[in-house]
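Reader: I'm new to this structure and would like a close look at a single part of it. Could you take me through the largest nonpolar core and what surrounds it?

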Amino acid sequence: MKKFFALVCALALSLSLCACYPRVPGDASWAKVTLGESSRFSKEELNAAVDCVKEALKGYEGCTMTALWYDEAKSDEEMGSPQKNSVVLFSNLKIDEGDWDNGFEAGTVQEGWKWNLVRDSEDDPWRVYNEGFC
């Protein structure tokens, strides 16, 4: 009986510790979004690209996007030449505290994280084809 009680207590303790650091998807809900002027993209197109990046971030565990922005000159520089169906957005990611397996040190901020997006045509949705410090 004592062994059973000890086992139940150990299990309860383990479950309560797991609840302290839940594996949560990446969060972009509080990101400050800044869309600079563009000669190629409408605000609707850029907002669709922002939505694509925010959705992609949900695949990350343990990070929060604090800023997301579009700068046409910087985007063009990253791509090498202006493209109508590709764009680069930039972000800052705060790595949350906890034992995350995302390759970053907890409590740090990754500034200038790039999101390279493409679409097949102006009528197609954006998709992330590359991201990081590439």
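Author: The largest nonpolar core has 23 residues, and the members that touch the most others in it are Leu57, Met65, Val87, Leu89, Trp115 and Leu117. Keep in mind that this is a predicted model. Four elements give two or more residues to the core: α2 (43-57), β2 (63-70), β3 (86-95) and β4 (109-118). Of these, α2 hands over the largest share, with six residues. As a general background, nonpolar side chains tend to be buried together in soluble globular proteins.

Let's start with Leu57. Setting aside neighbours within four places in sequence, Leu57 is in contact with Gly26, Asp27, Ala28, Cys63, Met65, Leu93 and Trp115. Two of those names, Met65 and Trp115, also sit on the list of core residues that touch the most other members.

Now follow β2. This strand is mostly covered, with six of its eight residues buried. On one side, β2 is joined by four bridges to β1 (residues 32-35), and the two strands run parallel. If you want a spot to look at, find Leu35, whose bridge partner in β2 is Tyr70. Between these two strands the chain goes from β1 through α2 to β2, and this β-α-β crossover is left-handed.

β2 also pairs with β3, this time in the antiparallel sense and over six bridges. Here you can look for Ala67, which stands opposite Asn92 in β3.

Asn92 turns up again around Thr64, a residue found in strand β2. Not counting residues up to four places away in sequence, Thr64 touches Asp27, Asn92, Leu93, Lys94 and Asp96. With Asp96 there's a polar contact from side chain to side chain, at 3.2 Å. Asp27 and Leu93 are worth a second glance, since Leu57 is in contact with them and Thr64 touches them as well.

What about the cysteines? Cys63, one of the contacts of Leu57, has a relative accessible area of 2%, so it counts as buried. Cys52 has a relative accessible area of 17%; that is under the 20% cut-off, so Cys52 counts as buried too. A disulfide is a covalent bond between the sulfur atoms of two cysteines. How many disulfides does the structure hold? Zero.

To retrace the route, begin at Leu57 and its contacts, move along the mostly covered β2, and then step across to β3 where Ala67 stands opposite Asn92.

Methods: Residues numbered from 1 in each chain as written. Predicted model: local features only at pLDDT ≥ 70, side-chain atom pairs only at ≥ 80, totals over all residues. Heavy atoms only, no water. Core = buried A, V, L, I, M, F, W, Y, C linked by side-chain atoms within 4.5 Å. Buried < 20%, exposed > 50% of the residue type's maximum accessible area, 1.4 Å probe, protein only. Contact = heavy atoms within 4.5 Å. Polar contact = N/O pair within 3.5 Å; in protein donor to acceptor, adjacent residues only side chain to side chain. Disulfide = S-S within 2.5 Å. Pairing = 2+ DSSP bridges. Right-handed = clockwise from strand over helix to strand, strands pointing away.
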